[in-house]
Amino acid sequence: MSKLNQGDDINWAKPSFDDQTWEVYFRPKGKNLFWERMPVMIPDEQTYHSDNVIMIGTAANYDAYFDGEFIGNNTGLKEGSLSNKAGTYQTNFLIPDHLNTVGEHLLALRFHRILADDNFHSFAIIGNHASMLRTPIQISKFMFLFAGMYLIMGVYCLLMFLGNHKDRISLLFASICLLYFSLIMMEYLKLFYEYPYTFQSTRLNIIAYLNMSVAFLVPVFFTFQFSFPRPKIFAVVLLAIILGLNLEQFEIDYDDLARYHNAIMWIGSGIVVGYASITKQKKSWIVLGGLLLAIAIMLWLPQFRFPFVSSFDISLFVSFAVLILTMLFAYSLKRKEERQAYENSLLHSEKLKNELLKKNIRPHFIMNTLTSMMDWVEESPKEGVKFIGSLANEFEVLNKIADHKLVPIGQEIQLCKSHLDVMGYRKEVKYIWEEEGIDLNEIIPPAIIHTAVENGVSHSIPNKRGEVKFKLIFEKEKKYKIYRLEVHANNREKNTGTIAEGTGTKYIKSRLKESYGDAWDLTSNASPFGWETKIKIML
Amino acid sequence: MNILIVEDEGRIAKRTERMIRSILGDELTKLSICDSLKLGLDFINNNSIDLLLLDLNLNGEDGYQLLEEVVSESFHTIVVSAHKDRAIRAFEYGVLDFVGKPYTEERLSKAIQRIYSKKSLQQKTKYLAIKKKGKRHLINVAHIKYIKGAGIYTELHLVNNLKEIHSKTLDNLLVLLPDYFERIHKSYLVDMNRAKEIIIEPGSKYSLLLKEGDRLPIGRTRYKELKEKWF
């Protein structure tokens, strides 16, 4: 049992000194000198080494005495020097040959603190020099392997995000990867960087904050990955719980704090992925499996002991690796979905374009037109030539607009007019076109009013004078703009009661969706004057 | 001849009318035009016609509904449509001809002449539509053993020994049915694939025995031709 005492006396270094009155639970006060006497064991014959070293880790400057003999200090100065520069946190000292014997020895430390905070602690480990250097690296190399993996994934996803700022899931995944990278670097910094002991608490704080960020971001990542009700409220509650804990941070042991943060992370992620699995979301059970595996590793690994590194840390980092791989799987799944959605949208646009071009070469249109045209040419060639001109006009406008997702309203009206000309020759009905309030600067998806006009032609019975009037009215308000197409005629009675939505209406809806998402409304119904089609576009 | 044209395009209806007048001349007794499915159906229900010229796409409505209704009627139907891809199905339902748009007077004339000719095109009729208690049923032609004329209508005798009534005359059906349907008697049309043998009875009476056991009379004048062609 290690014992401490305030004050300074070089005799306290001697093994023979009686430290019965010294305290076990001792808190150093201010910058006064104090001593610690620590019994240490050099293990039995089998594990005995001729070149044993003692590693001392503590948050203070000190002179170290082994069995009363000065073996060195962490400031690199002479014995007894009081330096104002913080010494290293973790330092190895060779045990002199004549003291390197099997059995119990005494390590005495004369402490001098230049930074008097509450975070005083000390430990010492004896071991063979070579293995003391090698063993921690042997274990931590896997951690560095993980770190490299996280770094590359993080940078890659960050670049993905920089390429597309809407890609928030990449930013989130990049952040998590880079946080894990930093976490491992900070944790195992101790193995390759002899930092001053004053940095130790800074380092632990940084680790705590990294852990805290990860605990928040991982469950949030899963809410992006899967559909989860009210993800924003979930994120706020999660953050509140994490920050609430953090206020107490300095009262709690760093390892405990990490445990709390981890618990929140696992529970939060479990809720989201569990919900996804219950609602049978795509591949969610694989992600849930990964999550459970990671949790199992975290709970199972600490029972093994690893030399020089904490098995708690190891269990954390191994479970993190499984977690990250699980997330990577989820992330790649999301990417695939997005790519498919993108490809589908391209395909959809292509289909719409096709449909537009097909409009006028559909057999019903072209063959009826040609039949009528034959008749006009046979019966009154002059009119026949005009008819051909009208058809040419319609084709020309259609060709012009086919490649665009949005076209000037002027062109759309031209298309409607030439279509009515053609239909006039075919049906021998007088189609009248009127417009009101049209703003020629407006643009609109191609052939949607044209489609409404086509429907109007099909479903209207002309009046006694053989006329059908089409009137296009445009109104623009603060929040929306509206196109109203009025067909002034009698509506044709349908033979069948209800018929399924026609391909024409489907086309209009698809076009509106392509250009405006869900910010539009289409209504089409009978009205006192005949038929009215309203296309409302939100601004 | 009394003809109805169901066509929603004014110009085309006029053209068809003009051509029919030129083809039939004095034979045409009456010609009417309807420009929608509903008007067409109403007309058929209230008037008697000999020939229907039907467009399959009427103001965006599918003329097949009308087609399926009318093929069970006594009159012949000629489809005049831009949708040539639908010809096969129309023939299966037993239309007289399918005239694709755009068409010439010659083509229309050929279609109308089919009423008078016996077996000019290879027949593809697969179903005969009948009306039973106001509902339409399709009878698979392969299930018909023979057809017996009964005045202005016909009886379809089926393999399951049931009997169905059809509104078309034996003459009209003969034009629509496949080649293996043979007129063996002025009142009988038989699926010759089912014929087993000719039985000669005393008094030079001939009858045809079917595989199913039915025995049908053979017209005296038709015996020789039948024997040469099928036995």
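This text walks through a helix and a buried strand residue in chain A, the contact between chains A and B, and a sheet in chain B. The model is a predicted one.

Start with helix α12 of chain A, residues 503-516. Is its length what a helix of 14 residues should give? At 1.5 Å a residue, the expected span is 20 Å. The C-alpha atoms at its ends are 20 Å apart, so the two agree.

Now look at which of its residues are covered. A:G504, A:Y507, A:I508, A:R511 and A:L512 are buried in α12(A). They cover an arc of only 130° around the axis, and therefore lie on the same side of the helix. What packs over them? The cover includes two helices of chain A, α7 (311-359) and α11 (448-459). Strand β16 (520-527) of chain A is also part of that cover. Just after α12(A) comes A:G517. The phi of A:G517 is positive, near 65°.

Next, go to A:T58, which sits in strand β3 of chain A, residues 52-58. Why does A:T58 count as buried? A residue is buried if 20 or more other C-beta atoms lie within 10 Å of its own. A:T58 has 24 C-beta neighbours inside 10 Å, so it passes. Setting aside neighbours within four places in sequence, A:T58 is in contact with A:H121, A:S122 and A:Y197. Take A:H121 from that list. In sequence, A:T58 and A:H121 are 63 residues apart. In space, their C-alpha atoms are 5.6 Å apart.

Turn to where the two chains meet. Chain A puts 21 residues into the contact, and chain B puts in 20. On the chain B side, helices α1 (10-24) and α2 (37-46) each supply at least two residues. The most comes from α1(B), with 4 residues. By class, the side of chain B that touches chain A holds 6 nonpolar, 7 polar and 7 charged residues.

Finish with a sheet in chain B. It is open, has 5 strands and pairs in the antiparallel sense. The order is β12-β11-β10-β14-β13. Which strands form the edges? They are β12 (163-166) and β13 (181-185) of chain B, and each pairs on one side only. Neighbouring strands are turned by 25° against each other on average, direction ignored. Within the sheet, β10 (residues 144-150) and β14 (residues 188-191) of chain B pair over 3 bridges, antiparallel. Across this pair, B:K148 stands opposite B:Y188 of β14(B).

Notes:
Residues are numbered from 1 along each chain as its sequence is written. Chains are lettered from A and ligands numbered from 1 in the order in which they are written. This is a predicted model: local features need pLDDT of at least 70, side-chain atom pairs count only at pLDDT 80 or more; totals for chains, interfaces and linings use all residues. The expected span of a helix is 1.5 Å times one less than its number of residues. A residue is buried if 20 or more other C-beta atoms lie within 10 Å of its own, exposed if 12 or fewer, and partly exposed in between; C-beta atoms are placed from the backbone. The arc is that of the directions from the helix axis to the C-beta atoms. Two residues are in contact if their C-beta atoms, placed from the backbone, lie within 7 Å. Ala, Val, Leu, Ile, Met, Phe, Trp, Tyr, Cys and Pro count as nonpolar, Asp, Glu, Lys and Arg as charged, and the others, Gly among them, as polar. Two strands pair if DSSP finds at least two bridges between them. Axes are lines fitted to C-alpha atoms, for helices over the stretch in contact, and angles run from 0 to 180 degrees between N-to-C directions.
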